[in-house]
Each structure stands twice: as C-alpha cells, then as structure tokens.
Amino acid sequence: MNRHTVRERLLASTMIGGAAVIALSATQAFAADDPATVKEVVITGSRIPTPGLTSTSPLSVVNDQEVKLQGTTNTESLVNSLPSVFASQGNNVSNASAGTATVNLRGLESKRTLVLIDGKRLMPGDPAVVSPDLNQIPSALIDRVEIITGGASAVYGSDAIAGVVNFIMKKDFEGLRLDTQYSFYQHNNDDSLSQAINKTSGFNAPSGNVTDGATWSFTAVLGASSPDGKGNVTAYAGYRNTQAVTENKRDYSNCSISTINNNPHVCQGSSTSFPGRFTSIVLAKQPSKTVGDSSGTLVPYVGAVNAFNFAPYNFFQRPDERYTAGAFAHYQVKPWMDVYSSFMFMDDHTVAQIAPSGLFFGTPVQVNCDNPFLSASEVNQWCTSQGLTAAQNTTLFIGRRNVEGGPRQNGLRHDSYRLVLGAKGDFADAWTYDVYAQYGDTVYAENFLHDMSITRLGRSLQVRNVAGVPTCVTAISGVDPSCVPWNIFQLGKVTQAAINYLDAPGFQEGGTTEQVVSGSISGDLGKYGLKSPWAKDGVGVAIGAEYRRETLDLRSDFEFTSGDLAGAGGPTLDVSGAFDVKEIFGEIRIPIIQDAPFAKVLSVEGGYRTSDYSSSGHVTSHKLSGEWAPTDDVRFRASLQRAVRAPNVVELFTPQGLALFGGADPCAGGSPTASLAACQNMGVTAGQYGSIIQCVSAQCGFLAGGNPHLKPETSDTKSYGVVFTPTFLRGFSATIDYFDIEVDKVIGPLDPGSALNLCVAGNLTFCGLVHRQAVTGIIFGTGPTAGYVTGTNVNAGTMRTRGVDFEANYRLDLASVGMGDNGSLRFNLVGTHLDKFDTQALPGAAVEHCVGRFGTGCGGRPLDGAPAPAWRHKLRATWNTPWKAALSVDWRYIGGTEAFTGAGPLGPHNPDRAIPAFNYFDLSGTWSFRDGMQLRAGVSNLFDKAPPIVDSSNLGLSSPPFGNGNTFPQVYDALGRTIFIGITADF
C-alpha cells in the first residue's frame, strides 16, 4: 500500500457525521491498523508528512456522507452551511451575482480564501470576479473537504488570509457509478403581513401552496485499475439543470419593501416608473408629474401610487445549465516515481433577469417644445410657463420604464479547463518529492439583452412634424436616418418600431489563465540522526519553489465601453493585464518530547515563504506554531501566522469608469443633513442648496477603477486551541479554538460614503473627491455630465475578526448501553462564536463594529451589510441502523442581529430594527436497499420557515451578492422548504 492510499483511508476513518475533528490521536484513530502500514500522512496546512492526523492549525473535514445528507448539488452550499463560512456569491439563489459560486471564510471576502483541488490551486473563475468558481467542482466527485481557517500563506502563498478550502476528489475508483438527484422548493404563501402590504398597494401577491425551482442532476463515474495494480484512471461526466423562480412566486418578495419614518413596511418601488415621472429642471422644487391618459393629460406623480414595482420581474433563483467532465489518472512507472495527471472541464450557462430598462430619472434630456407628441398641458407645464418658445428645447428629468420592451436579461457563460501533470514518489529512504505543472483557463461570455441606448433615447425625444408625420430631428438632418420617435407623452402610443430602435444589447467576452510550475521535497531528518534526545520522531522539513503566472482579459463592445447602456450604471471598460510571481518556501517540524510523563507530544513548527511579484514587489509570509499533549486525553495547540494577498489583475489594471454605491447625498433634499458651508466645500452653490435631488433608490455615483501602484495586503493571525480525546469517554472528541485575524493595507475602492462623511466632518482632503453635476448639483446620473465621488482602489482599510470555534463529535454504539443490536448514534456539533468584526474604510474614518449587526453601518466591504451573528452552529444527529439505512436530523442556528445604519441603530418601532434568531431543521436519510444501490432523500427547512424581510433599499443592501428579494438569500433559506430524492448505483 503506498503512502497516498494510506492517507485516503486514514482520513476516512475519522469521519464522524458531517464534519470531523481531524486532530485525533494516532493511537485512537488507527489502533486497528497494522503499524507497518500506518505511515506518515500529509494534511492540509503543511507539506511535511506527519505521523498521525494532527494539526497545529484549526482544521475541519466534511466528508462525502454530508454531501448525500444535505442533498446538495451546489458545492458552495456544502461549505456555506459551516458556521465559519459567511454568505458569498452563489450561482443560483442570487440574481445579482456574476454567474459563479465562491466561498468566503470568516467573512473576509472570497478573494481572501484560497481554494485548492487535491492540494493545488483552483484558478480564477471569472474576469470580473477573480475568485475561484466552485461550479468547476462536481459535488458527486468530492471525497471530502479539508478546511483550515486562519492564515496559511507561508504554506500555500497568496490569498490564504482567511484560510484554505481543499477539495479532495475521488480517485482510484473501479467500476461504474451512476448518480442522479431531483429536488424542488415547496412553500406555503401565508404571510399575512406581506399579503396585506401588497393588497394595500394594489398588487396581487401569490397565496397558497407553490412548488417550483426544480433541479435535476446526473453524474457518471467510470474507473479502472491497471492489471499490475500500479495505476488507475477515474473519469466522470455530469449534467445539472436548475429552473428559474421569479420574485412574484413568494408573497414576501412580490413587491419591493420599503420603510418610511419608522412606519410599517410598505410596497414602494423605483421612481423610474410607468407611465413615467417627469420633472422640469427649472421647476425642480415643484412636484413631479406623470401622464394620465392617451391624450397626454398631466396628473401629479405620487410615489406611493406611481412608483414602479420591479420585483415581479426579478429572478429569485436563476435558471442554470451545467456540464462537467474530467479524469484523474496515475501510474507508478518506477518504484520511485508515480506519474499523475488530471483534467477538469466545465460549461455553465445561467441567465439573470431584472426589471425593464428605461430612461432613468436623474439624467437630463432635451425635448423640443414643438414636439408633436406633447399635449397642450405638457407644453404649458414645461415650456410656456418657463418662457420658452416653440423653437426652443426644455430640459427635463424623466424616469420612464421600457415596459413594452420587457425585462433585461443577462446571459452568462463560463467554460473552464484545468490540466495538471506531475510526478511524486520516495527516494533515498528519508525523502519524498512532488513536481507538477498546472494550467487553468476560464472563458467568459456575457450577452446583456433589452437595455436601452442613452444616445438613441435622446434622439427619439427630439421630434418634429414633417408633412403630418412625427419624425426625429436627427433623421431630418441625416445624422441618424434610422431614428424612430418614442412617444412616452401619451399612454399606449409607444410603437414596436421605437422599441426595436431603442433596444441596445451589450456583449462582453474574456477569460483568465493561470499557469503554475511547482516542486517540493520533504524529508525525515531523523533518518540521519537529527532528532531530539527526548523524541522518537526526527525533525521533518519541506522545501520548494513555485512559479505562477496569471493573465486576465475582458473585452466589451461599444455599448458597454461607451456607457451608452441606460441600465448599466456607467461604462464597463476593457481590462487586461498579467503578473507573475517567483516563490521559495520552506517548513520545519521539530518534535521535542514524545511519550514522556506530562508530554506525550511537545513539538514546534515553522514556515517561511518569500515571494517576488512582477506587479507589487517583494513580500514575505511566515508561521510559527506548536503543540503540547500532556496526556492522550488532551492536546494544546497555538500558532502565529503572517499571511499576504497580492493585488489581482482587476484591482491593478481596471480602467476607471462610473459605478454606483449605496448611500445618500448629505447635501440633497429640501433640508440637507449637511450645512451650507460643508456643502460648499464639495461644490454646491448657494442657489443649489436645498433643491438638489437625492440619489435615486439610494444609489449614488462614484468613479471606480484600478491602481497599478497597489501593494500586497498583510494579515496577522493568532490561534490558540485545545483538543479533547478522552480515553474515559470512548467515541468522543472535541476542539475549542480561539482565532484573531487582523488585516492591514486592505485593497479596495476608496469608500465614497466615508469620503462624504469625512468631508462633512471637516476633513477637506476628502471634499475634493466630490464632483457634482454642474447645473443640478447631483452626484449621480449617466454619461459625461454625471456627478460622482472618486473611489478608485487604494491600500487604506483595516479589518479585524476574532472569535472561538467549537467542534464536538460523539459516537455511541447502542448495544454498549443495553439497547441491543440497533446500530449506533453519531453526533456532530460545529459552532462559531464571533466576538469581534471591525472594519475601517479609511484612516480617520469611524471603526464599524459589526458583530451582531447588519445594514449600512457595515455596508462596505467585506460584509456588504450582510448579517454577522455572534453565534452560529450546526448540529447533526445520525442513527446508523443495522438495516443498511441511516436517518439524520440537522439543526442549523443563525443568531439574531440588529440593524445598524451609518447614523446608528434604528428606532424601537422600526420593523427593520432587528432580525431574530433563526432555527432550521433538516431531515434526511439513506438506504442501501441492495448491493451497490443506495437511495437518499430529505427535506431541508422542514417547517418551511420564511426568511427575514427587510427594507433592503433603505438599508443599503442591494449590492450583490446579498440583498435580493427583500432578504439575504445566501444567508437564510429564501425559497422555503427543499425536498430532494436521489439514487446511487454501483456496477
């Protein structure tokens, strides 16, 4: 049996329930094994082979049984259920995500979590979201997941600030395995408050039972070993199809919830509405108007009545179709060389859908006063009353949805290819080596449909009568002969020809590549006599070198790059760039005392890595850790680690362009929150003060972009823990680990909201970052006249998180307590107590304390306003019966949180002031009803608990991936009860 096969079997032997404490003593875990075959193994977090499964860093394992019991076909769902993992981008239940699925350890963002497959990097999954895409990992092929939380850059390099997630895939398979699963959502729409809110606003909310969102998956695995037993090839192919769910299928998401002045929730949508909102810039202080009939009669615009309900169009769950295929192979060509390779392919296509585009309120447009579509009342309101003649133009703010053109859809396709070729083996008795080359490529295409052209919108509103035919001015002049007039001044008069003219699709394509060449050797220096006189094991070392190159290319068509798409929020510019890094690393493990009184184990470890980046220079990372086991019953461990994250290509080289941020203009409205003097410091004139329009839907503009002078982030992680494996309580193990992670030089956009607040507070440095629209003074809009706040990437912020992880496992044979031969019970508890989560966007800005909170007070990166409960846990109890069946109950707990805005907590009567604690219960089971055939089924969210409902707009939670459907679909079960059934057949 070779060393790597031993590693697979030993790890599997420690699995208890859904996750396992990997730091069990070798004596307990392997007492039944032949000592001659229990060799050193390698675990995530170190490259040094270790006698037994011990780790000086907190390390948890999720095995393939948990995949079956959860009934998940989304790899991100498998890890997102762990308390140490925060909400991250999901591929399906998050309409605003980029079509990828990511993992976010400790809430420090997915780009600070390193993802590995069999100990090797998973390449970036998207040219915009450069974090690895978990869609590339088929859940049916996962053997287990090893998770280290806390810095690990000394071992693995950049990005491991929050930790490492290592997916170990099934290999050495023989035979044919077919696996299929079907799941769907079921929910009873019976929320009386949501029903009442919708009814008051004139909306028809769904009621009663609904089943939707079906997912079907199929995976085939085929494996064969060579006749001489020296090699194996395991190949797989998979398919998954997920059906869409729109927000109008749930009563709590049928309309966009809003809260005004601490009053109860109401349905309130966008001011870019239908049949439209019209305001003259000259008369900005007067009420807006809307079109009342087909004759163009103007009536007052009333927000509570005329605001546009965009929710019914939005996808709560996006449709998705994914194909995967690949193979793992190895062959021992020499006693000292095992050649291995792997190939993984994925094709994923998903579609996001949001409400129709339009002429968005806040962009000034010119309308000629002799426009034949204008009614007499419209001419009088916007022209005559301002002293304008028929030959002149009036300037309007118009918010008008393109309802006739249908919702916007964004087709996102990702094709990924990953190839690894390497060799490993043993030499000179004391040494092992591993040398490999790796290539990963992700191809991306985006097709954005049914948006509108800002340029054509402006042209379609400049219309004159030519021989009784309304004709565009640009068509008369020959500038744009294809121009078609857009009659939004009379109800029901928009033509299909106008819709076709204004429709503007956008297209992007690009990709990322990652190339890695790595080699390392590890050895037991005890074979040469280098060991402590009080230890039986020698000093272990590992040294190596690695070269990595990453490239990124994103190309956009003219509609995207010009910023001409009305619903895109600004231009999307081309991005291209590359960097490479040369690294040398080493580790050492020194057993000091073993098998002595009060020192069964006393050892220390150290690690160091030096990295030279072509983009950001030289940086180092290191670790120092140790463990002490006074007896077989208890072991103490501690570690100090310096981790780094180099800036990625997007952060370095993204061209600057306009984007949106959730916030408010302190100088807007009739009674601005900032004084005249403070507003004048940021470009407001005395005449504008008190009449500036507030940012629409709490979305202000900022100038985003890259910075080629960025330096790497650094973090310091401290962890202290204790592992209990009491010999007097057979089958029980537990760990308690304290962690403290502090990140400095955080890379991110200069937070525009903080810049506004610091300017108001008198820091004039930040006032110069505010660029207002000259005429209106607003800090939003589109096109070259838009107002904005500068917010390009900088090394400025800090983050700190601190807490305690708990994990306990217990296995009880029922026969041992007099309950007969009725199988066994297994219990697994994983919990995290979060003591601190602080962020500071800029030096001098307020430190936001986010534990137990959600909302705009913690609305910037990394949390984006998502809940950060002080306590989360997952408790699974499984009965393994003697009848080849298992029944399992899982209790998921998410602690309560309070709303926190930039101005402090909400009032005691505000319906959004708090989200209570949530308890979810899942029931599942497996049954091996014949040899090679296993049935599984289950229900997640057994009691169909609806998610918490909050005013996502006012709380600034509309930015991806968290705010969607008035809730947090990546935190809570957003669509109700999930029912699944699947079968695995081995031949």
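## Salt bridges, strands and a cavity

Let's start with a pair of charged side chains: Asp370 and Arg464 form a salt bridge, with their closest N and O atoms 3.2 Å apart. Asp370 sits in the loop between β22 (364–368) and α8 (376–382), while Arg464 belongs to strand β26 (residues 463–466), so this contact ties together parts that are 94 residues apart in sequence. Asp370 has a relative accessibility of 31%, which means that it counts as partly exposed. Arg464 is partly exposed as well, with a relative accessible area of 29%. Please keep in mind throughout that you are looking at a predicted model.

That pair is one of many, since the structure holds 48 salt bridges. Side chains of opposite charge can pair when their charged atoms come close. Another example to find on your screen is Asp805 with Arg106, where the closest N and O atoms are 2.4 Å apart. Asp805 lies in strand β40 (residues 793–813) and Arg106 in the loop between β4 (104–105) and β5, so here the tied parts are 699 residues apart in sequence. How buried or exposed are these two partners? Asp805 has 12% relative accessibility and counts as buried, because the cut-off for that label is under 20%. Arg106 is also buried, at 3% relative accessible area.

Towards higher residue numbers, Asp838 and Lys836 meet through their side chains in a salt bridge of 3.3 Å, N to O. Both of these residues are buried. Elsewhere, salt bridges link several residues into a network: Glu109, Lys111, Arg112, Arg645, Glu651 and Glu713.

Now let's turn to the strands. Strands of a sheet pair through backbone hydrogen bonds, either parallel or antiparallel. Strand β9 (residues 175–189) runs antiparallel to strand β10 (residues 208–225), and 14 bridges join them. Within this pairing, Ser183 has Thr215 of β10 as its bridge partner. β10 is also joined to strand β11 (residues 231–242), again antiparallel, by 11 bridges. There, Trp216 has Asn241 in β11 as its bridge partner. The hairpin of β10 and β11 has 5 residues between the strands, and Gly229 in this hairpin takes a positive phi near 75 degrees.

A second place to look is an open sheet of 4 strands with mixed pairing, in the order β34-β35-β39-β38. Its edge strands, β34 (657–662) and β38 (770–771), each pair on one side only. β38 pairs with strand β39 (residues 788–790) in the antiparallel sense over 2 bridges, and Val770 stands opposite Val789 in β39.

What about the interior? The model has 7 cavities of 30 Å³ or more. The second largest cavity has a volume of about 270 Å³. Its lining consists of 27 residues, and those nearest the centre are Pro124, Val130, Asp159, Glu550 and Asn648. The elements β5 (113–117), β28 (503–524) and β29 (540–556) each give two or more residues to this lining. The largest share, 4 residues, comes from β29.

Finally, let's move to the surface. Which residues make the nonpolar patch of about 420 Å²? They are Phe343, Tyr417, Leu419, Tyr439 and Val443. β24 (408–427) and β25 (431–452) each supply at least two residues of this patch. Tyr417 lies in strand β24 and, with 32% relative accessibility, counts as partly exposed.

How values were computed: Residues are numbered from 1 along each chain as its sequence is written. This is a predicted model: local features need pLDDT of at least 70, side-chain atom pairs count only at pLDDT 80 or more; totals for chains, interfaces and linings use all residues. Side-chain values use heavy atoms; hydrogens and water are left out. Patches are made of residues with over 30% relative accessible area and no salt bridge: like charges are joined within 9 Å, nonpolar side chains (Val, Leu, Ile, Met, Phe, Trp, Tyr) within 5 Å. Accessible areas come from the Shrake-Rupley method with a 1.4 Å probe; for residues, only the protein chains shown count as cover. A salt bridge is a side-chain nitrogen of Lys or Arg within 4 Å of a carboxyl oxygen of Asp or Glu. Buried means under 20% relative accessible area, exposed over 50%, partly exposed in between (1.4 Å probe, protein chains only). Two strands pair if DSSP finds at least two bridges between them. On a 1 Å grid over the protein atoms alone, a cavity is a set of points where a 1.4 Å probe fits but cannot get out, and a pocket is an open set with protein on both sides within 12 Å along at least five of seven lines; lining residues have an atom within 4 Å of a point. Grid points are joined across faces, edges and corners, and a volume is the space filled by probe spheres set on the points.
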